[in-house]
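Good morning, and thank you for making time for this presentation. Please look at the sequence and the structure together as I speak.

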Amino acid sequence: QPLAYAQPPFSENLAAMEVQEVNSSEPRDFTEVMADLAEWQATQQEFSPDVGTRAADVSALAALMADHVFMASCQQTLGGPHMAFILRQHDALLKRDLGSEVEAVVVKYSAPNLRPVDIMRRARDTSLAHSAIWSLYTLMNYVTSTFVAALCKEGKVHAMRAELSQAQAVLEKAICVAPDIAEPYNVLGRVLWEQGDVAQTLQMYERCSQLEPLATAPRHNYLMALNYMPDLHVDEVFRKHQMWAEWFESDLGSRQKARRLCEDGSSRRLRLGYISADFCDHPTAYFAKCLLEHHDRQRFDVFIYSSTPIDDEYTTLLKSFVP
């Protein structure tokens, strides 16, 4: 089980955010990534640096980790793997600015109950100890994910500047900190691809898909990278694409619904709409040309919707297929 995506209180939104990030396959503008990075850095500084509060949180967390009774309760409630996650992340936090990172999470998620001082107060009350355990686990989730997200943004900035070795080092650090968070693998796959290491690229995308089975972007990236493996036979590449199609269609049922509409005895044509930002001189449009050109006009009314301001000769060609 991916430890970073377990479902204690407060972690559902975090997991959804991570899935959304991994699913984002569109290339991001450099200024957009820089803005995101600046926004994250601002969250670290927008609260007043209360050194006393941070020191109290550091001391409280140390006391919790040294409390054998509380740790035994955590072990019993969370289980071995999740307990190991807490211990591993606490050790990692000791090498960083623990107080600042905890405060950043508390402010970002408006969750004062995640402050170690509050967790320790509840841990001493037998009626509240259970909530203290889950708060500690959630705190470690949030601190870890926030730190890894920052490393991913930094890696993307290095990659967009063509600083590939720096990007690789930062992303490998993110994976070392949290090997069960998916996004660093997806970004590192792209960095390795840019360096020509296609074999390692494929491994990164595979690992990302294992951690986030519903994410589409790493699967798309994996298929694209297969085209750069010179020793891989074209039949194997085709088989991998078929496997992706079966996975993608497994939850849809759209094919069966369309068949019923076409075979219900009605003479009306089925209306099909395609929307894309690539209905121009782009590889996606090259594939779309064959699709649009060969639709059976007796059975289908076809519409295309372009979401890009680009209107070139290839756009005009595609328009000719949908009079």
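F303 is partly exposed, because its relative accessible area is 38%, a value that falls between the 20% limit for buried and the 50% limit for exposed. This residue belongs to strand β2, which covers residues 300–306. Together with I275 and Y305, F303 forms a nonpolar patch on the surface, and the three residues have about 350 Å² of accessible area together. I should state at this point that we are looking at a predicted model.

Let me turn to the chain as a whole. It contains 16 helices and 2 strands. Of its 323 residues, 41% count as buried. The chain exposes about 18100 Å², and carbon and sulfur atoms supply 56% of that area. If we take the contacts between residues at least 6 apart in sequence, 68% of them join residues at least 24 apart.

I move now to the interior. Which residues have the most contacts inside the largest nonpolar core? They are F70, M71, C74, I86, L136, L139 and M140, in a core of 29 residues. The elements that contribute two or more residues to this core are α3 (51–66), α4 (68–78), α5 (80–93), α6 (98–108), α7 (116–123) and α8 (129–160). Helix α8 gives the largest share, with 8 residues. Setting aside residues up to four places away in sequence, I86 touches M65, L78, L136, Y137 and M140. Apart from this core lies another one, of 22 residues, with A178, L188, L192 and L211 among them.

Two residues illustrate how helices meet. V105 is found in helix α6. Is V105 buried or exposed? It counts as buried, because its relative accessibility is 1%, and the limit for buried is under 20%. Leaving aside neighbours within four places in sequence, V105 is in contact with L114, L139, Y142, V143 and T146. One of these partners, L139, is 34 residues from V105 in sequence, yet their C-alpha atoms are 7.8 Å apart in space.

The second residue is Q168, in helix α9. Its contacts, again not counting residues up to four places away in sequence, are L188, V191, L192 and Q195. Q168 and L188 are 20 residues apart in sequence, while the C-alpha to C-alpha distance is 6.3 Å.

I come next to the charged side chains. Side chains of opposite charge can pair when their charged atoms come close. How many salt bridges does the structure hold? There are 11, and I shall discuss three pairs.

In the first pair, the side chains of R122 and D118 meet at 2.8 Å, N to O. The two residues are separated by about one helical turn, because they are 4 residues apart in helix α7. R122 counts as buried because its relative accessibility is 7%. D118 also counts as buried, at 19% relative accessibility, a value just inside the limit of under 20%. D118 and R122 are linked with R121 in a network of salt bridges.

In the second pair, the side chains of D180 and R207 form a salt bridge of 3.6 Å, N to O. This pair links distant parts of the chain, 27 residues apart: D180 lies in the loop between α9 (164–177) and α10 (183–194), and R207 lies in helix α11. D180 is buried, with a relative accessible area of 16%, whereas R207 counts as partly exposed at 28% relative accessibility.

In the third pair, the side chains of R190 and E194 meet at 3.0 Å, N to O. Both residues lie in helix α10, 4 residues apart, which is about one turn of the helix. R190 counts as partly exposed at 45% relative accessibility, and E194 counts as partly exposed at 42%.

Finally, I return to helix α11, which holds R207. What span should this helix have? At 1.5 Å a residue, its 14 residues, 198–211, should span 20 Å. The C-alpha atoms at its ends are 20 Å apart, so the model agrees with the expected value. Within α11, the buried residues are V198, T201, L202, M204, Y205, C208, S209 and L211. L211 is also one of the residues in the core of 22 residues.

Thank you for your attention.

Methods. Residues numbered from 1 in each chain as written. Predicted model: local features only at pLDDT ≥ 70, side-chain atom pairs only at ≥ 80, totals over all residues. Heavy atoms only, no water. Expected span 1.5 Å × (residues − 1). Buried < 20%, exposed > 50% of the residue type's maximum accessible area, 1.4 Å probe, protein only. Patch = residues over 30% accessible without salt bridge, like charges linked within 9 Å, V, L, I, M, F, W, Y side chains within 5 Å. Areas by Shrake-Rupley, 256 points an atom, 1.4 Å probe, with all protein chains shown as cover. Salt bridge = Lys/Arg side-chain N within 4 Å of Asp/Glu carboxyl O. Contact = heavy atoms within 4.5 Å. Core = buried A, V, L, I, M, F, W, Y, C linked by side-chain atoms within 4.5 Å.
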